[in-house]
There are 2 protein chains.
Amino acid sequence: MTAHTLRYYERVGLIQPVGRAHNGHRRYSEADEAWIQFLHCMRATNMPIREMQRYAELRELGDATSLERRKILEDHQAEIAAQIVALQQAHALLTHKIANYRKIEQRIRINSPALSEPEVDCELAPSA
Amino acid sequence: MTAHTLRYYERVGLIQPVGRAHNGHRRYSEADEAWIQFLHCMRATNMPIREMQRYAELRELGDATSLERRKILEDHQAEIAAQIVALQQAHALLTHKIANYRKIEQRIRINSPALSEPEVDCELAPSA
DNA sequence: GTACATCTTCGAGCGCGCTCCAAGTCAAGA
DNA sequence: TCTTGACTTGGAGCGCGCTCGAAGATGTAC
């Protein structure tokens, strides 16, 4: 995470104004770092900035907002679960297609341009 | 996938000019649809358009490009695997934090504002 | 015949999330 | 003392991936 990004996060309210050294330079506390790490983790899993802003805002308001914050996290967790499923499906599809490419390469190596089997279109995804 | 997106994909070369009805309207063949579905799957797993363009380009050149195409897919599959790991970690972290919120809510319900235990900072991620 | 919907084209616009630049301040090292 | 480098600020710019709008042609229903 670059300094530019940290400034940006501060500007848009994801990070509260942080402590400064005597010369005005920012000094991040361990709590700041933990929060930033959390933000990073949420961004890395595609939580929109808007949603993170909402969450940060509620966090400033204290424990009374626990329920709403929990809901945000639960929703995001559901999003993550869905993403994992999509990624796993794509992963499986790619395994299939990569194997197919290996077959094609094999066919080229042994100089056997045609298959007696019906042509395997490497781009056709299996229906599964 | 919207019509706008399909036009866009055609413009940028992800889809070859497709067949037309007598009135000029596009008619997608089953092969077209399979290819588009594949594109969709790759986009849904965060393959950049540029990379898809490269792949599409090689695909036009036929079997001789099998090796390079395979490499693209293998790289993307590795990307996907990494994404899955990140998502799974975030999922676990959220499970932890959500449980923590439930505790806080419980504490509020039974009107017990303080814990004898050291304060649990709900934003601190577990080091794991 | 006449609405109306649906397609066509091209180009412009937009939302997101950074990313960078310019000008200035300060601190330590040669 | 002078250079260097790391920080400060505000605002502008950018890359990506769509997304939309306008103007026009065509087909279907009443």
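**Figure 1. Polar contacts across the interface of chain B and chain A in the predicted model.** Across this interface, 16 residue pairs are in polar contact, both partners having pLDDT 80 or more. On chain B, helix H2 (30–44), helix H3 (49–60) and helix H4 (66–109) each contribute at least two residues to the side that touches chain A. H4(B) gives the most to this side, with 28 residues. Sorted by class, the side of chain B that touches chain A comprises 21 nonpolar, eight polar and ten charged residues.

**Figure 2. Extent of the interface and its salt bridges.** Contacts link 39 residues of chain B with 39 residues of chain A. The two chains bury about 3,800 Å² between them, and carbon and sulfur atoms carry 68% of that area. Between chain B and chain A, six salt bridges are counted. One of them joins the side chains of Arg102(A) and Glu74(B), with an N to O distance of 3.4 Å.

**Figure 3. Surroundings of Ile80(B) in helix H4 of chain B.** Ile80(B) has a relative accessible area of 0% and is therefore buried, the limit being under 20%. Leaving aside residues up to four places away in sequence, Ile80(B) touches Leu87(A), Ala90(A), His91(A), Leu94(A) and Thr45(B). The list thus includes residues of chain A as well as Thr45(B) of chain B. The C-alpha atom of Ile80(B) is separated by 9.1 Å from that of Met47(B), a residue 33 places away along the chain.

**Figure 4. Protein residues around DNA strand D.** Of the 17 residues around DNA strand D, those that come nearest are Arg7(A) and Arg26(A) from chain A, and Tyr9(B), His22(B) and Arg43(B) from chain B. Sugar and phosphate make up 73% of the atoms of DNA strand D that come within 4 Å of the protein. Helix H1 (3–11) of chain A, helix H1 (3–11) of chain B and H3 of chain B each supply at least two residues of the surface near DNA strand D. H1(B) provides the largest share of this surface, five residues. By class, the surface near DNA strand D contains four nonpolar, six polar and seven charged residues.

**Figure 5. Arginine side chains beside DNA strand D.** An N or O atom in the side chain of Arg43(B) lies 2.9 Å from a phosphate oxygen of DNA strand D. For Arg20(A), the corresponding distance from a side-chain N or O atom to a phosphate oxygen of DNA strand D is 3.1 Å. Arg11(B) is placed beside a base: a polar atom of its side chain is 3.1 Å from a base oxygen of DNA strand D. Arg43(B) is also among the residues that come nearest to DNA strand D.

**Figure 6. Protein residues around DNA strand C.** There are 17 residues around DNA strand C, and His4(A), Tyr9(A), Ile49(A), Arg7(B) and Arg26(B) come nearest. Of the atoms of DNA strand C within 4 Å of the protein, sugar or phosphate accounts for 70% and bases for the rest. H1(A) provides the largest share of the surface near DNA strand C, namely five residues. This surface consists, by class, of four nonpolar, six polar and seven charged residues.

**Figure 7. Side chains beside phosphate oxygens of DNA strand C.** A polar side-chain atom of His22(A) is found 3.3 Å from a phosphate oxygen of DNA strand C. For Arg50(A), a polar side-chain atom is 3.0 Å from a phosphate oxygen of this strand. From chain B, the side chain of Arg20(B) places an N or O atom 3.0 Å from a phosphate oxygen of DNA strand C. The elements giving two or more residues to the surface near DNA strand C are H1 and helix H3 (49–60) of chain A, together with H1 of chain B.

**Figure 8. Helical architecture of chain A.** Chain A contains four helices and zero strands, and its pattern along the sequence reads α-α-α-α. Of the 128 residues in chain A, 35% are buried. Among contacts in chain A between residues at least 6 apart in sequence, 36% connect residues at least 24 apart.

How values were computed. Residues are numbered from 1 along each chain as its sequence is written. Chains are lettered from A and ligands numbered from 1 in the order in which they are written. Side-chain values use heavy atoms; hydrogens and water are left out. Contact means heavy atoms within 4.5 Å. Buried area is the accessible area (1.4 Å probe) that two parts lose on being put together, summed over both. A salt bridge is a side-chain nitrogen of Lys or Arg within 4 Å of a carboxyl oxygen of Asp or Glu. A polar contact is a pair of N or O atoms within 3.5 Å; within protein, one must be able to donate a hydrogen and the other to accept it, and residues adjacent in sequence count only if both atoms are side-chain atoms. Ala, Val, Leu, Ile, Met, Phe, Trp, Tyr, Cys and Pro count as nonpolar, Asp, Glu, Lys and Arg as charged, and the others, Gly among them, as polar. A residue is near a molecule or strand if one of its heavy atoms lies within 4 Å of it. Buried means under 20% relative accessible area, exposed over 50%, partly exposed in between (1.4 Å probe, protein chains only).
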